[in-house]
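Please open the model in your viewer and keep the sequence panel visible beside it. The tour below proceeds by selection, one stop at a time.

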Amino acid sequence: MNNLNDRQLEAVKTTEGPVLVVAGAGSGKTTVIVNRIAYIIHHNGVRPGNILAITFTNKAAREMRERVETLLGDTAAGLWIGTFHSMCVRILRTCIDLLGYTRDFIIFDSSDTRTVMKECLRELNLDEKNFPPRSILSIISNAKNDMMDYETFENVYRNDFRMSKVAEIYRLYQTKLKRNNALDFDDIILNTVKVLSLNEDVKLYYQGKFEYVLVDEYQDTNNAQYMLIR
């Protein structure tokens, strides 16, 4: 930590309670997180497996892991370092059966979801010109990021003719995904929050496991990501 300035050192060594680091791009926020992880392990005697570090991109996660491994060597092996989605997939592989899926679920990419959406529109006799698949998928994605499942969406928009149609599409879309034991990208976080909210044993297990949670670029979290961290 010899290369850290006074404020960085303060952030690294303030380990108990919430800490928010506000600084410009390239000023060393990730450096603070990396050193904070090492400090928590060595100074506080915390096991690496009890620390969760979350980033937004795979590239950032790889960089953070490489930097932590440079500092800690083999000690870093038990750390959970990854993106929101990779962390959630890891959790869901152990407990998604509580939501009616099986643990060998698949993840649909954008091409898969467009195919499903087009099937939904055909089955509901809706014209793609009036309900463009890409646009409808975007509306559904935004709803999921706001923690709105299709039932909530239906209740919110029951008096809006067009959006009530979108709600019908949303319901059928989710039915088809589940029939295929599949999640789309936004389902990954939504379902993780659901399983943690609905199952006390799962929630208590992960609350106990992750004694320290560190989030890079925290200001970019959407509502679903915020709920997950909370």
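The stops run from the whole chain to a sheet, then to two helix pairs and finally to individual loop residues.

**Before selecting**

The model is predicted; local features require pLDDT of at least 70, side-chain atom pairs count only at pLDDT 80 or more, and totals for chains, interfaces and linings use all residues. Residues are numbered from 1 along each chain as its sequence is written, and side-chain values use heavy atoms, with hydrogens and water left out.

**Stop 1: the whole chain**

Display the protein chain as a cartoon. Its secondary structure comes to 11 helices and five strands; these are DSSP runs numbered from the N terminus, helices being H or I of at least four residues and strands E of at least two. The C-alpha trace spans about 65 × 35 × 30 Å along its principal axes. Of the 230 residues, 45% are buried (buried means under 20% relative accessible area, exposed over 50%, and partly exposed in between, with a 1.4 Å probe and protein chains only). Among contacts between residues at least 6 apart in sequence, 69% join residues at least 24 apart; a contact means heavy atoms within 4.5 Å.

**Stop 2: strand 1 and its sheet**

Select residues 51-55, which form strand 1. Is this strand enclosed or open to the outside? Five of its five residues are buried, so strand 1 is largely enclosed by the rest of the structure. Both of its faces are covered, with Ile51, Ala53 and Thr55 buried on one side and Leu52 and Ile54 buried on the other.

Add residues 80-83, strand 2, which pairs with strand 1 in the parallel sense over four bridges. Two strands are said to pair if DSSP finds at least two bridges between them. Leu52 has Trp80 of strand 2 as its bridge partner, and Ile54 stands opposite Gly82 in strand 2.

Next add residues 212-215, strand 5, which also pairs with strand 1 in the parallel sense over four bridges. Here Tyr212 is the bridge partner of Ile51. The three strands form an open, parallel sheet in the order 2-1-5. Strand 2 and strand 5 are the edge strands, each pairing on one side only. On average, neighbouring strands of this sheet are turned by 15° against each other, direction ignored.

Now show the helices that pack on the sheet. Helix 2 (residues 29-44) touches strand 1 and strand 5, and its direction makes about 170° with that of strand 5. Helix 4 (residues 84-95) touches strand 1, strand 2 and strand 5, and its direction makes about 120° with that of strand 2. Axes are lines fitted to C-alpha atoms, for helices over the stretch in contact, and angles run from 0 to 180 degrees between N-to-C directions.

**Stop 3: helix 5 against helix 8**

Select residues 110-123 (helix 5) and 161-179 (helix 8): their axes come within 9 Å and cross at roughly 125°. Helix 5 is therefore oblique to helix 8 (under 35 degrees counts as roughly parallel, over 145 as roughly antiparallel, 65 to 115 as roughly perpendicular, and the rest as oblique). Show side chains at the contact: helix 5 contributes Thr113, Val116, Met117, Glu119, Cys120, Leu121 and Glu123, and helix 8 contributes Ile169, Leu172, Tyr173 and Lys176. By class, this contact has seven nonpolar, one polar and three charged residues. Ala, Val, Leu, Ile, Met, Phe, Trp, Tyr, Cys and Pro count as nonpolar, Asp, Glu, Lys and Arg as charged, and the others, Gly among them, as polar.

**Stop 4: helix 6 against helix 8**

Keep helix 8 and add residues 133-145, helix 6; the two pack at an angle of about 80°, with their axes 10 Å apart. Helix 6 is thus roughly perpendicular to helix 8. Among the residues that meet are Ile136, Ile140 and Lys144 in helix 6 and Arg162, Val166 and Leu177 in helix 8. The contact divides into 11 nonpolar, one polar and two charged residues.

**Stop 5: three loop residues**

Select Asn125, in the loop between helix 5 and helix 6. Its phi is near 55°, a positive value in a residue other than glycine, and at 72% relative accessibility Asn125 counts as exposed.

Move to Glu217, in the loop between strand 5 and helix 11 (223-229). Glu217 has a positive phi of about 55° although it is not a glycine, and with a relative accessible area of 32% Glu217 is partly exposed.

Finish at Asp160, in the loop between helix 7 (150-156) and helix 8. Asp160 counts as partly exposed, at 33% relative accessibility. Its C-alpha atom is separated by 51 Å from that of Gln8, 152 residues apart along the chain.
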